[in-house]
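Me: I am new to this structure. Please walk me through it in short questions and answers.

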Amino acid sequence: MKQGFLAICAAATALLAASVAHAGTLDTVKARGKMVCGVSLATPGFAAPDDKGRMQGFDADVCRSVAAAVFGDGDKIEFVPTNINTRFQALQSGEIDMLSRQTTQTFSREASLGLDFGPNVFYDGQGLMVAKSLGVSSAKELTDAAICTLPGTTTAQNLSDFFRTIGAKFEMVVFESPDENRAAFFAGRCEAISSDRSDLASIRAVANNPDDYIVLPETISKEPLAPAVRQNDSNWRDIMSWSVWLLMAAEEKASPRRMSTRC
Ligand SMILES: N[C@@H](CCC(=O)N[C@@H](CS)C(=O)NCC(=O)O)C(=O)O
């Protein structure tokens, strides 16, 4: 994402000139001298420390792009680990300036939680994973199955909607923490585990034998993941949104062969 940072630095002056009129998160961030970004605890590919303790991953780089826009330096940043239960409260309370952690943009969150989402950075969808030994090849075969999942996510509602649509029953087994959820699934307490497909890939990767598990073909929801900031702070939101769009434009320029030539 280096190209992205360069583009962001070049555009930072214009963005900041447009935002000096409003006292808000930008002023707080500038006075503090660093941006505080809420990320996940340890989700390889999205946000997880490497062996030198440096946070790596897609969500972490989105945070750095905003720090680069403000300070011309993507490392003027503090990463605060948040979990699915604390992520919105951390933003609402001002503990973090921005949330960047596999969070789905939904109407109800935007309308009721006092936050505004930025551009979608990863278009995910919810799936289900089972042990191959179950002998199931479609989610539609999971009638009456116990399904492990996490609370406070979009996951539970999507499961209920899916099973209602196919006219089948299932048992939702809810765990407070991702670790408990995974352990329960691997221990065979549920026939299936359901989450964003990106998360299922991570869970499968840490299994003792990943080949023992398959992610079923159905994608039962749309999960447009996006960073978020507090509501009514449009300058700060502009900085977040345009940092992400600049990253996308820079990535496209850095990899011209990936640009679509179709009309
Ligand atoms: N995208 C959904 C699901 C979020 C979710 O379940 N996240 C999982 C991984 S995709 C997670 O964060 N697990 C690790 C943790 O809570 O620390 C949402 O925003 O509600």
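Me: Is strand β1 largely enclosed or open?
Reply: This is a predicted model. Strand β1 spans residues 35-39, and five of its five residues are buried. Therefore the rest of the structure leaves β1 largely enclosed.

Me: Which residues of β1 are buried on each side?
Reply: Both faces of β1 are covered. On one side sit M35, C37 and V39. On the other side the buried residues are V36 and G38.

Me: In which sense do β1 and β4 pair, and what is the bridge partner of G38 in β4?
Reply: Strand β4 covers residues 77-81. It pairs with β1 over five bridges, in the parallel sense. Within β4, G38 has as its bridge partner V80.

Me: What is the bridge partner of C37 in β5?
Reply: Strand β5 (residues 98-99) also pairs with β1 in the parallel sense. Two bridges join them. The β5 partner of C37 is M98.

Me: How many residues has the largest nonpolar core?
Reply: M35, C37 and M98 are among the residues with the most contacts inside this core. C63, V66 and I239 belong to that group too. In soluble globular proteins, nonpolar side chains tend to be buried together. The size of the largest nonpolar core is 38 residues.

Me: Which residues does M35 contact, leaving aside neighbours within four places in sequence?
Reply: The list includes V29, A67, V70 and K76. It also includes I77, D97 and V66. The remaining contact is M98.

Me: How many residues are in the second, separate core?
Reply: This core includes A139, F162, F163 and L200. Its count is 21 residues.

Me: Is D27 buried, partly exposed or exposed?
Reply: D27 lies in helix α2, residues 25-32. It has 14 C-beta neighbours inside 10 Å. A buried residue needs 20 or more, and an exposed one has 12 or fewer. Therefore D27 counts as partly exposed.

Me: What separates the C-alpha atoms of D27 and W236?
Reply: Along the chain, D27 and W236 are 209 residues apart. In space, their C-alpha atoms are separated by 9.4 Å.

Me: From which domains does the shell around the ligand draw at least three residues each?
Reply: The ligand is surrounded by 17 residues, and the closest are I84, T104, T153, D196 and D199. By class, four residues of the shell are nonpolar, ten polar and three charged. The domains are domain 1 (2-122 + 224-258) and domain 2 (126-221).

Technical notes:
Residues numbered from 1 in each chain as written. Predicted model: local features only at pLDDT ≥ 70, side-chain atom pairs only at ≥ 80, totals over all residues. Core = buried A, V, L, I, M, F, W, Y, C linked by C-beta atoms within 7 Å. Contact = placed C-beta atoms within 7 Å. Near = placed C-beta within 6 Å. Nonpolar A, V, L, I, M, F, W, Y, C, P; charged D, E, K, R; others polar. Domains from an automatic or database assignment. Helix = DSSP H or I, 4+ residues; strand = E, 2+ residues; numbered from the N terminus. Pairing = 2+ DSSP bridges.
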